[in-house]
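Please find below a short note on the charged side-chain pairs of this protein. The points are numbered for ease of reply.

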Amino acid sequence: MPTSIIGQRIPKLDAPDKATGRATYGHDVRLPGMLHGRILYTQHPHARILQIDTSKAEKLPGVKAVLTAADNPPTKFGYGKDNTAFKGDKIRCLADAVAAVAAIDPDIAAEACSLIEVEYEPLPAVFTVEDALAEGAPLIHPERRTNLFQTYNYEHGNLQAGEMQSDEIIEASFQLPYVSHACMETSIIVAQFDRRGNLTLWSTTQIPFLLQRDLSEALGIPGSQIRIIQTAIGGAFGRGLDIYPFEPIAALMARKTGRPVRLAFSRHEEFIAAPVRQPAAVTVRAGVTKNGDLTFRDVAISLDVGAYISWGTVTPLVMMETVASLYRAPHVRFTADCVYTNNPITGAVRGYGNPQSTFFTETVMDQLAEAIGMDPVAFRLRNANVPHSETPQGLIITSCGMKECLEAVAAAADRGASQQSAVSSDQYSVISRQSPASNRQSPVSNLHLKRGIGFACTLNVGGGARIYRSDGCGATVKVDDFGHVTVITGSTEIGQGSETILAQIVAETLGARLADVTVINSDTDVKPWDVGVHASRTTFIAGNAAYIAAVDARTQLFETAAEKFNVTPDRLTSNQGKIRVAGDSDRVMSLGKAARARHFRQDGQVVIGEGWYDPPTKLVDKDTYKGNISATYGFGSQMAEVEVDTETGHVRVLRLACANDVGRAINPMAVEGQIEGGAQMGLGYALTEEVLVRDGRVLNPDFLDYRLFTSADMPEIETIIVETDDPGGPFGAKGVGEMGGTPTAAAIANAIYDAVGVRLTQLPMTPERVLAALDKKQAKEQA
């Protein structure tokens, strides 16, 4: 279908406001009479609270309220329904709040917290999955009688048959770390009650309508009395997918004081109290025939989910998707134990389990290829997913550009190699894809610098994920007297550019000018329902809803214009804000004139189109974990070229080629931004990022010691857009938000092996770990 706005490289509509400082972020919100909140956290990871004395804090001038567990509503909240605002009897982790202060300024609130006296009885704690599951271990939640929260068991095929068919079997173990979202903007909430008892929250949540429901349960007030206004959001990446204690705490302080209360995390608080990506210990067994066919995968994972249950506990659903459905694996078994400890709470982080599972799956894919002497790209191509197929797990794959993505990054590897002075393109390809090239050195003739390339692929939901009864989104499209178009969408803008994408979809569908389209999406009192922004769903699901609403509005406009022109509506076209009769250049009417004609006539109507889209998916079976959870699936491949310093262990990524099947790129510039941003997070996950936790305590709660990849660290990135025209997506598009970072760590690990012949199975792959692996390899060779 020819288009004029779809497929164009259009800057984000909110870019000027963000670039010039006009955008209002949560930290910018100021209300008359606003107070400042501060939380007092425990100093023990596991303890019993014997006594709290708040009298000194209450007497401090400027303090308006001090709250403790005595102010808790009776209900528990959170995904696991095991959390409360304040802890009054038992402490389970260092993120637990024991009190909070509302004062006239932040310094007074902080001073008042220091005056609160708490007497604890420390309790034995558990900080590892093994200790938590040991007989007689201290129980995090005694009422559960076990620290094992949940076990996932999935299988298809016959594992024993797969083992029998295998000519080679690989076994490997992996250790994966805690990781922070590291949003530029720390968590922030502003709460205000009006005189009728209605609560308004200025929030950076990703789930405004679900937060309404969750706060209703947590505070004991009707959801109809809760309004969520989403400010500009300075980073989310999954942090805002659940309710966390600071949100009801702010509301409780506002209710007690009768004044608006602002509660903003410091960077230190963000590291200790915000959720993190869960660590995992993984064992993998996988088999292959000598001609290169996958035979089986057997994966067992232990997940430390922390002291309370949040969305980190659901990541095995995504991990098993990678294990069971990335490539065509006929026999699969997957088990995962989610275990309570006295460590930090784990939640949703971009990719949602996929960076972990892609790392170990794709590392093992390289090992299998090496075991049978097959080119790792050819091996992947042989086993790749294909269009119009269904996996044994029940994933219905419609469009699929996995092979095209692989071929694209393989070609990128060859292009890069042709620029190396020492090795020809053909030689480079053969060396880099068949055997560790530990003798290949940098062109600058430093013998200790070794280069290698590696590949990895990924599979990700591209059309939402049905984890609630509804995965839907609503939209309305209004055309006013002047031809201005207002799109009101339930979806949430978190910096990913959804406002721009939806404006393009609506402008293209209506034939409006993009400059005449405004998107409204920030107020639950105004916008229609949506489940939230996650699972790479917004372009596909909100885009479809906006498209449906725009078609409805266009139908109304065409009906009126057809009456004026005395033709049938099917003879009309529209573009650049004008409605035209096909084949008759003299008969033209603006969208605004058509809208006026419609509501000025007898029994007139305003032009408002309505759209609702809920994809044709289903909840996975709670016993088998099988079912088509998404309306479409995205695929991607990456090629990493690295340089390893064998003297220091430092790994420098020289190039990263990223190819992604996006269905159709509504806005190629936005797609590139998503891929590159995801790659930045993937690079950090691979090489530098780790929240260090010892005895439940975060040891590096700042950006000095938590090493993010900065612009100075970033390699050359080549983004390759593969278009497959998905049949269910708006204009053929599907989601791409999470794929950019999921295969990065595996591609880098495989490139390190190609360079120096060592397998890194623990993330991040720091210089210390690289050197240790090199020393171990050398000792083995000399033995």
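How many salt bridges does the count come to? The count comes to 35 salt bridges. The points below take up several of them, after a remark on confidence.

1. Confidence of the model. The structure is a predicted model. The protein has an average pLDDT of 94, and 96% of the residues score at least 70. Residues 418–439 call for separate mention, as the pLDDT is below 50 over this stretch. In the model, these residues nevertheless have 44 contacts beyond near neighbours in sequence.

2. Arg9 and Glu672. A salt bridge joins the side chains of Arg9 and Glu672, with an N to O distance of 2.9 Å. Arg9 belongs to the segment before helix H1 (15–20), whereas Glu672 is part of helix H17 (residues 668–687); the pair therefore ties together parts that are 663 residues apart in sequence. As to exposure, Arg9 is partly exposed, with a relative accessible area of 45%. Glu672, in contrast, is buried, because its relative accessible area of 19% falls under the 20% cut-off.

3. Glu117 and Lys56. Here the closest N and O atoms of the salt bridge are 2.9 Å apart. Glu117 is located in strand S6 (residues 117–122) and Lys56 in helix H2 (residues 55–59), so this pair links a strand and a helix, parts that are 61 residues apart in sequence. Glu117 is partly exposed, at a relative accessible area of 38%. Lys56 is likewise partly exposed, at 47%.

4. Glu781 and Lys777. In this salt bridge the closest N and O atoms lie 3.0 Å apart. Both residues belong to helix H19 (residues 767–782), where they are four residues apart, about one turn of the helix. Glu781 counts as exposed, because its relative accessibility of 55% is over the 50% cut-off. Lys777 counts as partly exposed, at 25% relative accessibility.

5. A network of shared partners. Which residues are joined into one network by salt bridges that share partners? They are Glu163, Glu171, Arg285, Asp298 and Arg333.

6. General remark. Why can such pairs form? Side chains of opposite charge can pair when their charged atoms come close. Among the pairs described above, Arg9 and Glu672 tie together parts 663 residues apart in sequence, while Glu781 and Lys777 both lie in helix H19.

Conventions:
Residues are numbered from 1 along each chain as its sequence is written. This is a predicted model: local features need pLDDT of at least 70, side-chain atom pairs count only at pLDDT 80 or more; totals for chains, interfaces and linings use all residues. Side-chain values use heavy atoms; hydrogens and water are left out. pLDDT is the predictor's confidence in each residue, from 0 to 100. Contact means heavy atoms within 4.5 Å. A salt bridge is a side-chain nitrogen of Lys or Arg within 4 Å of a carboxyl oxygen of Asp or Glu. Helices (H or I, at least four residues) and strands (E, at least two) are DSSP runs, numbered from the N terminus. Buried means under 20% relative accessible area, exposed over 50%, partly exposed in between (1.4 Å probe, protein chains only).
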